[in-house]
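User: Please take me through this structure in short questions and answers. I would like the reasoning as well as the values.

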Amino acid sequence: MDNIRLILFFALAFVLLLVWLSSRGKFMFLFRGQTCPKHMHREKLETFFLVKGQLRMTTDSGALCMNPGDTLRMEPGTFHEFTAAEPSLVLEVSNGSSRF
């Protein structure tokens, strides 16, 4: 069982690395309680993938809790903010708009 977990971990890490290299992405590490304040992007499309930890995400549609493996697509013009409920690692991939 441990070998399968290790293989899955490295497969996921490889996929995340490929996504990051082929697009405009970044990894964000957040400490417990660290917050990204409410904001929006006029043109930037963002997709959040929670690698580890737990995030409380608030959007125009309401609040939700993200757990490892969850993804959330943030359309341009959508107000959003998030707070780490515990130490968290997030991959954010975007279309890289030059405007905010």
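Analyst: A residue is called buried when its relative accessible area is under 20%, exposed when that area is over 50%, and partly exposed in between. The model is predicted.

User: In what order do the elements of the protein run from the N terminus on?

Analyst: The secondary structure comes to 1 helix and 6 strands. Read from the N terminus on, the order of the elements is α-β-β-β-β-β-β.

User: What percentage of the contacts with a separation of 6 or more comes from residues 24 or more positions apart?

Analyst: Contact here means heavy atoms within 4.5 Å. Among the contacts in the protein with a separation of 6 or more, the share from residues 24 or more positions apart is 74%.

User: What percentage of the residues in the protein is buried?

Analyst: The cut-off for buried is a relative accessible area under 20%. The protein has 100 residues, and the buried ones make up 29%.

User: How many residues apart in sequence are the parts that the pair E92 and K26 ties together?

Analyst: The side chains of E92 and K26 form a salt bridge, with N to O at 3.6 Å. E92 belongs to strand β6 (residues 80–94) and K26 to strand β1 (residues 24–30), so the parts tied together are separated in sequence by 66 residues.

User: Is K26 buried, partly exposed or exposed?

Analyst: Its partner E92 has 5% relative accessibility and therefore counts as buried. The relative accessible area of K26 is 39%, which means that K26 is partly exposed.

User: How many salt bridges are there, and which residues are joined into one network?

Analyst: The count comes to 4 salt bridges. One of them pairs K44 with E46 at 3.6 Å, N to O, and both of these residues are buried. Another links E75 to R73, with the closest N and O atoms 2.5 Å apart. Shared partners join salt bridges into one network made up of K26, K44, E46 and E92.

User: Which residue of the pair E75 and R73 counts as exposed?

Analyst: E75 has a relative accessible area of 39%, so E75 is partly exposed. At 52% relative accessibility, the residue that counts as exposed is R73.

User: Which residue offers its backbone oxygen to the side chain of T78?

Analyst: T78 sits in the loop between β5 (71–74) and β6, and its 18% relative accessibility means that T78 counts as buried. Leaving out residues up to four places away in sequence, T78 touches H39, M40, T59 and D60. A polar atom of the T78 side chain lies 3.0 Å from the backbone oxygen of E75.

User: How many disulfides does a search of the whole structure find?

Analyst: A disulfide is a covalent bond between the sulfur atoms of two cysteines. C36 is partly exposed at a relative accessible area of 21%, and C65 is partly exposed at 36%. For the whole structure, the number of disulfides found is 0.

User: Which element gives the most to the lining of the largest pocket?

Analyst: The largest pocket holds about 170 Å³ of space, and its lining consists of F9, L12, A13, L16, F27, V51, K52 and L89. Two or more of the lining residues come from each of α1 (2–22) and β3 (46–59). With 4 residues, the element that gives the most is α1.

User: How far is the side chain of Q34 from the backbone nitrogen of F31?

Analyst: Q34 lies in the loop between β1 and β2 (35–39), and F31 is also in the loop between β1 and β2. From a polar atom of the Q34 side chain to the backbone nitrogen of F31 the distance is 2.9 Å.

User: Is F31 buried, partly exposed or exposed?

Analyst: Q34 counts as partly exposed at 35% relative accessibility. F31 has a relative accessible area of 55%, so F31 is exposed.

User: Which residues does F31 touch, not counting those up to four places away in sequence?

Analyst: With neighbours within four places left aside, Q34 is in contact with F29, F82, T83 and A84. On the same basis of excluding residues up to four places away, F31 touches A84 and P87.

User: What separates the C-alpha atoms of F31 and G53?

Analyst: Q34 and L55 are 21 residues apart along the chain, with C-alpha atoms separated by 9.8 Å. F31 and G53 are 22 residues apart along the chain, and their C-alpha separation is 9.6 Å.

Key:
Residues are numbered from 1 along each chain as its sequence is written. This is a predicted model: local features need pLDDT of at least 70, side-chain atom pairs count only at pLDDT 80 or more; totals for chains, interfaces and linings use all residues. Side-chain values use heavy atoms; hydrogens and water are left out. Buried means under 20% relative accessible area, exposed over 50%, partly exposed in between (1.4 Å probe, protein chains only). A polar contact is a pair of N or O atoms within 3.5 Å; within protein, one must be able to donate a hydrogen and the other to accept it, and residues adjacent in sequence count only if both atoms are side-chain atoms. A disulfide is a pair of cysteine sulfur atoms within 2.5 Å. On a 1 Å grid over the protein atoms alone, a cavity is a set of points where a 1.4 Å probe fits but cannot get out, and a pocket is an open set with protein on both sides within 12 Å along at least five of seven lines; lining residues have an atom within 4 Å of a point. Grid points are joined across faces, edges and corners, and a volume is the space filled by probe spheres set on the points.
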